[in-house]
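Visitor: Could you pick one small part of this structure and take me through it slowly? I would like to see how it fits in with its surroundings.

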Amino acid sequence: MTTHNLVEHMAEMESKELEVVVGTYEELILGYRLSLEPDNHAFSQSFTNHSHSGCIKALALSTKGILASGGTDEMVRVFNLRKGTEIGSLVHHSGTITWLDFYKNSHLFSTSEDHKMCLWKAFSWECLRTFKGHKDAVNCVAVHPSGKLALTVGKDRSLHTWNLVRGRSAYITNIKQVADIVLWSPDGTTFLIVFSNRIDVYKTETSSVYHSVSVDRRVNAVVFLRSNLIAYGGEGGDIVIYNIKDEKEMQRINTDTVRVRDLKKVKTTDQDCPLVLLSASSCGHIKAFRVTFSQDSVSADLIASHDTKFRLTCMAATQIKTKVKVKTEEEDVDVKTEDTIDLDDSIEIKIEKTSDEEEEEECKKTSGDNTSEQDSGHEEDTGSDSDSSREERSRKQSRSYLEFKRARKMKRKMGAEKLEVEGRKKKKPKVKETKPDRRSPKILKKSKRKS
């Protein structure tokens, strides 16, 4: 018969909400949740934190709900958004934190104005390595999708390529201008560098510029929507979607703000909103756009907007995986009851006998054979067994069995005694080591005279 049992177990499932976190000039970290339910897209505040003592400059958020924040107080603070607790602070830099970035929830990269880049191990929060090489503040870090390379740019007008496998600098390129942002494409074949009003796109194989996008105003943020599509924003409040391959502008979005401070994209599991583009403006507005692709066009539609009433500086967003109790049915194996068991299905079980048991059986057989021979001779003479003969046979069997047991015990004792003797022979007698007399010869002579 088959039986069904309900079993509860914990499973990670992506929620129907996006976690959006913004940093402010007022030293605050604000958390919001964006609902992905159809016809109900809205921002709702989830938390407020005032643990920093300076302006927030950088944020990073992993899909496991770990938030890292840094600012002018030279500290990186770590939070667990699932539990709503602060894990602690990472005190290693001696300058303003300029950039934070998680790599596959396992490592955290941080850059600072102290000319350093640090690599942290997630959850243990140990600083695995400090990368030194820049002569001025490091503005940004980008990690290759393979995790083997990293790029950094800074105020020293140089591009550093780091070998993360060996943990050292691979080569340095002079780019002749101060770069603000460096970013890899999703497939890792290209990367871009943002200067004040220009975006240069490089090929990874040749490390040379193959396309440049000139902008009228300063660019503050840029993201890759696809390998050949980027979205950038900055002064003026417009967000531009640009096709690198065709070298043309696809769409311009007016956010009705003065300045776009940061842009983030989030890939979701929702069919209605597979890709969400989020923007944070310095005036305090955060907006969410649904991005859809067709054969030759891209469209971004506004789905939600919220006024935080604070001056925003940076943003981080992701779809956090939550642990949910799931009930599943498990089928038991078919079991035959006593009424349904067939005779053909019976199983023969063989038990292996020990050497002692085999010796006992042999002894019993030999004693039994001897008694049977005596009985047969007696039958020929008398032709019938009496009670006295049966008693004699049982006594003989018991005597032979007891003698066999005593002999076996004697053998074991003899073997144990031999082992003890051999062990004693092997043990070497302990010899006391006499320490040499280190006294001077004059003192020795005096002691001999006294004696």
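Guide: Happily! Let us start from histidine 160, which has its place in strand 15, residues 158-163. Strands (E, at least two residues) and helices (H or I, at least four) are DSSP runs, numbered from the N terminus. This is a predicted model, in which local features need pLDDT of at least 70, side-chain atom pairs count only at pLDDT 80 or more, and totals for chains, interfaces and linings use all residues. Residues are numbered from 1 along each chain as its sequence is written, and side-chain values use heavy atoms, leaving out hydrogens and water.

Is histidine 160 buried or exposed? Histidine 160 is buried, since its relative accessible area is 2% (buried is under 20%, exposed over 50%, partly exposed in between, with a 1.4 Å probe and protein chains only). Much of its strand shares that setting: five of the six residues of strand 15 are buried, so strand 15 is largely enclosed by the rest of the structure.

What touches histidine 160, if we leave aside its neighbours within four places in sequence? Its contacts (heavy atoms within 4.5 Å) are Gly133, His134, Ala150, Leu151, Thr152, Ser169, Tyr171 and Ile172.

Now look to either side of strand 15. Over five bridges, strand 14 (residues 149-154) pairs with strand 15 in the antiparallel sense; two strands pair if DSSP finds at least two bridges between them. One of these partnerships links leucine 149 with asparagine 163 in strand 15. Strands 14 and 15 form a hairpin with three residues between the strands, and there arginine 157 takes a positive phi near 60°.

Strand 16, residues 168-174, is also an antiparallel partner of strand 15, and six bridges join the two. Here histidine 160 stands opposite isoleucine 172 of strand 16, and Ile172 is also among the contacts of histidine 160. This pair of strands makes a hairpin too, with four residues between them, and glycine 167 in the turn has a positive phi of about 75°.

For contrast, find aspartate 256, in the loop between strand 24 (248-254) and strand 25 (260-267). Aspartate 256 is exposed, because its relative accessible area is 63%. From aspartate 256 to histidine 285 is 29 residues in sequence, and their C-alpha atoms are 9.5 Å apart.

Stepping back, the protein chain has three helices and 30 strands. Buried residues make up 39% of its 451 residues. Of the contacts between residues at least 6 apart in sequence, 45% join residues at least 24 apart.

Elsewhere in the chain, four strands form an open sheet, in the order 4-3-2-29, with antiparallel pairing. Strand 4 (43-49) and strand 29 (312-318) are at the edges and have a single partner strand each, so each has one side without a neighbour in the sheet. The partner of strand 4 is strand 3, residues 29-35, and six bridges hold this antiparallel pairing. Tyrosine 32, for instance, has glutamine 45 in strand 4 as its bridge partner.

How confident was the predictor? The chain averages a pLDDT of 82, with 73% of the residues scoring at least 70; pLDDT is the predictor's confidence in each residue, from 0 to 100. It stays under 50 over residues 333-355, where the model has eight contacts beyond four places in sequence. Residues 370-384 also stay under 50 in pLDDT, with eight such contacts. Where pLDDT is low, the predicted coordinates should not be read in detail.
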